[in-house]
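Trainee: Please take one part of this model and go through it closely. I would like to see how that part sits against the rest of the chain.

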Amino acid sequence: MSIERVFAQLPDPGSHAVPECSIPRGDPVLPIALTRAELSTVLELYGSFRAVDPTGLDENPFFAAMRSSMEQTFGIPRYRPDEQLHDDIEAMLTDFSNDLGSRALGVVDATPAHHRTLYLFLITCRGYYVTPQVRFEPDADAVETLYDIYDRVAQQDVYLKHPSSVLE
């Protein structure tokens with residue numbers, strides 16, 4: 001499937017809301033099947049995604065000098081607008097890898113936060129892909145794999161991982 005078709009299947013960010021899964025007595029999880037190959041493919045996609053500079057600041061010597069001057073003068077740390085998303089994606093991929101262990105196929109426990117992260121990862125990939133000044137050419141199969149994982153999580157029912165009883 002082409003990248004454009006995969007991105008066209010995504011819900012519109014203006015009207016889409018990730019469902020709230022607040023269950024009072026336990027940790028909500030969305031268990032899905034995942035293969036080591038799928039996880040590796042998404043990890044490679046994340047590597048190329050992480051290398052993108054959506055602001056263009058790193059490529060412009062004037063902006064780089066200005067940023068360096070601001071850091072030295074005012075102590076303002078270097079900040080990218082997508083740093084939190086990068087942290088969330090890394091945490092999600094680490095959780096999935098830990099759940100999968102050394103097996104080639106297994107069940108991983110996606111959380112509502114992982115659901116949101118998968119959606120934001122896909123939406124941001126689409127944004128980078130369609131923006132002409134951002135050079136992001138992801139592998140179509142990797143984007144499709146990411147969408148397949150997102151779709152599995154979105155279609156899955158919520159279960160409790162560590163349920164607690166009323167007596168506790």
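Mentor: Start with helix α4, residues 83-100, which lies across β1 and β2 and runs at about 135° to β2. Keep in mind throughout that this is a predicted model. The part to look at closely is the sheet under this helix, together with helix α5, which helps to show how the sheet and the helices fit together.

First, some background on the chain. Its secondary structure comes to 6 helices and 3 strands. Read from the N terminus, the elements go α-β-α-α-α-β-α-α-β. The strands are therefore spread along the chain, with helices between them. Of the contacts with a separation of 6 or more, 85% are between residues 24 or more positions apart. Of the 168 residues, 32% count as buried.

Now the sheet. It is open, its 3 strands pair in the antiparallel sense, and their order is β2-β1-β3. The edge strands are β2 (105-110) and β3 (159-160), each of which pairs on one side only. Strands of a sheet pair through backbone hydrogen bonds, either parallel or antiparallel. Strand β1, residues 28-35, is joined to β2 by 6 bridges. Two pairs can be picked out along that join: Leu 30 stands opposite Ala 110, and Leu 34 stands opposite Gly 106. On the other side, β1 and β3 pair over 2 bridges, and there Val 29 has Tyr 159 as its bridge partner.

The side chains of β2 alternate. Gly 106, Val 108 and Ala 110 point to one face and are buried, while Leu 105, Val 107 and Asp 109 point to the other face and are not buried. So two residues just met as bridge partners, Gly 106 and Ala 110, belong to the buried set.

Next comes helix α5, residues 112-130, which holds His 114. The length of α5 can be checked: at 1.5 Å a residue its 19 residues should span 27 Å, and its end C-alpha atoms are 27 Å apart, which agrees. The buried residues of α5 include His 114, Leu 118, Phe 121, Leu 122, Cys 125 and Tyr 128. Their cover includes α1 (3-9), β1, α2 (36-50), α4, β2 and α6 (140-155). An α-helix has 3.6 residues a turn, so residues three or four places apart point the same way.

Two residues of α5 make a useful pair to set side by side. His 114 has a relative accessibility of 7%, so it counts as buried, since the cut-off is under 20%. Leaving out residues up to four places away in sequence, His 114 touches Met 92, Asp 95, Phe 96 and Asp 109. Asp 109 is one of the β2 residues that are not buried. Arg 116, also in α5, has a relative accessible area of 34% and is therefore partly exposed. Beyond its neighbours within four places in sequence, Arg 116 is in contact with Val 18 and Asp 88. Arg 116 and Ala 17 are 99 residues apart in sequence, yet their C-alpha atoms are 8.9 Å apart in space.

Helix α6 holds Thr 145. Thr 145 is buried, because its relative accessible area is 16%. Apart from neighbours within four places in sequence, Thr 145 is in contact with Glu 38, Thr 41 and Val 42.

Finally, the nonpolar core brings these elements together. In soluble globular proteins, nonpolar side chains tend to be buried together. The largest nonpolar core here has 37 residues, and those with the most contacts inside it are Phe 49, Phe 96, Phe 121 and Phe 136. At least two residues of this core come from each of α1, β1, α2, α4, β2, α5 and α6. Phe 49 shows what such contacts look like: setting aside neighbours within four places in sequence, its partners include Leu 85, Ile 89, Phe 121, Cys 125, Tyr 128 and Phe 136. Of these, Phe 121, Cys 125 and Tyr 128 are among the buried residues of α5. As for the outside, the chain exposes about 9,800 Å², and carbon and sulfur atoms supply 54% of that area.

Notes
Residues numbered from 1 in each chain as written. Predicted model: local features only at pLDDT ≥ 70, side-chain atom pairs only at ≥ 80, totals over all residues. Heavy atoms only, no water. Pairing = 2+ DSSP bridges. Helix = DSSP H or I, 4+ residues; strand = E, 2+ residues; numbered from the N terminus. Contact = heavy atoms within 4.5 Å. Axes fitted to C-alpha atoms, helices over the stretch in contact; angles between N-to-C directions. Buried < 20%, exposed > 50% of the residue type's maximum accessible area, 1.4 Å probe, protein only. Expected span 1.5 Å × (residues − 1). Areas by Shrake-Rupley, 256 points an atom, 1.4 Å probe, with all protein chains shown as cover. Core = buried A, V, L, I, M, F, W, Y, C linked by side-chain atoms within 4.5 Å.
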